[in-house]
Amino acid sequence: MPVSGWFGCQRHTLWRREYVFLFATERCEMKFEHKEINGRDAADKTLSALKEEVDSIRGRGWQPSLASITVGDVDEVALYVRNQKRFAAKIGIEFEERQFASSISEAELQAAIATMNVDPRVTGIIIQRPVPDHISIRSLQETIHPFKDVEGMHPSSIGKIVYGSPEMGPCTAMAAVHLLKSTGVDLEGLEVCVVGHSEIVGKPIAFLLMAEGATVTVCHHMTRSVANHSLKADVVFVAVGQPGLITGDMIKPGSIIIDIGINQVTDPDGKTKVVGDADFESCAEVADWITPVPGGVGPMTIAMLLKNTLQAARA
């Protein structure tokens, strides 16, 4: 079979035409009114519960504090930091921005992190991505003490996910799974397709869902045809940074779409907008539940970051 396009997503192969033919009548007769999974509402509920716990800890004389490390000047990072700071302020967590010049060496940055590790006033540390090319993000993550790893990316944190006992898991992966659970679907035996196998999203999602009893298929850049897998799935997670990768004809009726992608695109009128990795309009016609972008996984990710910060304060 010839491979074309990203992940070899080919819409005109013989098997695909046969599948569409077999289910054409069913697709026409089945009308699914999609329900948006509102990440903002879910995040607000989580933050409300967290605020009560933060108030309790502060009442005992302990102040949860999150240190944010930014290297260089990146507009997108500045936006993320502002949102994190705003959410933290809502629930009483101190948020301290620590800005470093893009010329800083990896060794110097590791030394700064080591100082934060032993500072009792800092209960959690997050490294804002991206960092300059001469710095290894992995080495920075390994430098953060596991008890202050609120991103859940230290090797020991990833190991706990593998063994099914995450205390502070990767924020985006935990947020995505949380939103899936909010639909009320039973995860045991669920057929799940995860499109994207990054260390911070795709792989952790797969491990989290397998721990819940789901059957998980992970697609990546060498997968010959993503549609061959996504069409069989009850749930599709997508996180690759490719606008409109997943379309309505690549999912089965009544499925759930968790879109983790965040992409800025320009429409024919020259206006820019933020979209996900799934084509919302076509997928919404077929799916039962779907996360919007923006307003889906993003807000819930920040809520999970602050949940991890509170957990770190307890450690």
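**Exercise 1. Work out how helix 7 and helix 8 pack: at what angle, and how far apart are their axes?**

Let's take it in steps.

- Step 1: Find the two helices. Helix 7 covers residues 171-181, and it packs against helix 8 at an angle of about 45°, with the axes 9 Å apart. Keep in mind that this is a predicted model.
- Step 2: Put a word to the angle. Angles under 35 degrees count as roughly parallel and 65 to 115 as roughly perpendicular, so helix 7 and helix 8 are oblique to each other.
- Step 3: Add the handedness. Helix 7 passes helix 8 in a right-handed crossing.
- Step 4: See who touches whom. From helix 7 come Ala-173, Met-174, Ala-176, Val-177 and Leu-180, and they meet Pro-204, Ile-205, Leu-208 and Leu-209 of helix 8. Sorted by class, the residues of this contact are nine nonpolar, no polar and no charged.

**Exercise 2. Now find how helix 7 crosses helix 11, and which residues meet there.**

- Step 1: Helix 11 spans residues 297-314, and the axes of helix 7 and helix 11 come within 8 Å, crossing at roughly 115°.
- Step 2: This crossing is right-handed.
- Step 3: On the helix 7 side, the residues in contact include Cys-171, Met-174 and His-178; among their counterparts in helix 11 are Val-297, Met-300 and Asn-308.
- Step 4: Sort this contact by class and you get nine nonpolar, four polar and no charged residues.

**Exercise 3. Follow the chain from strand 5 to strand 6: which helix does it go through?**

- Step 1: Strand 5 (residues 191-195) pairs with strand 6 (residues 215-219) in the parallel sense, over five bridges.
- Step 2: Pick out one bridge. Glu-191 has Thr-215 in strand 6 as its partner.
- Step 3: Trace the link. After strand 5 the chain goes through helix 8 (residues 202-211) and on to strand 6, making a right-handed β-α-β crossover.

**Exercise 4. Sketch the open sheet of three strands: what is the strand order, and which strands stand at the edges?**

- Step 1: Write down the order, 3-2-4, with parallel pairing.
- Step 2: Look at the ends. Strand 3 (94-100) and strand 4 (124-127) each have a single partner strand, so one side of each has no neighbour in the sheet.
- Step 3: Give your sketch some twist: neighbouring strands are turned by 20° against each other on average, direction ignored.
- Step 4: Draw in the bridges. Strand 2 (residues 65-71) runs parallel to strand 3, joined by seven bridges. In one of these pairs, Ala-67 is matched with Glu-96 of strand 3.
- Step 5: Lay helix 4 (residues 106-117) across strand 2, strand 3 and strand 4, at about 175° to strand 2.

Note on methods: Residues are numbered from 1 along each chain as its sequence is written. This is a predicted model: local features need pLDDT of at least 70, side-chain atom pairs count only at pLDDT 80 or more; totals for chains, interfaces and linings use all residues. Side-chain values use heavy atoms; hydrogens and water are left out. Two strands pair if DSSP finds at least two bridges between them. Helices (H or I, at least four residues) and strands (E, at least two) are DSSP runs, numbered from the N terminus. A crossover is right-handed if, with the strands pointing away from the viewer, the path from the first strand over the helix to the second runs clockwise. Axes are lines fitted to C-alpha atoms, for helices over the stretch in contact, and angles run from 0 to 180 degrees between N-to-C directions. Angles under 35 degrees count as roughly parallel, over 145 as roughly antiparallel, 65 to 115 as roughly perpendicular and the rest as oblique. A crossing is left-handed if the near helix is turned anticlockwise from the far one by less than a right angle, and right-handed if clockwise. Contact means heavy atoms within 4.5 Å. Ala, Val, Leu, Ile, Met, Phe, Trp, Tyr, Cys and Pro count as nonpolar, Asp, Glu, Lys and Arg as charged, and the others, Gly among them, as polar.
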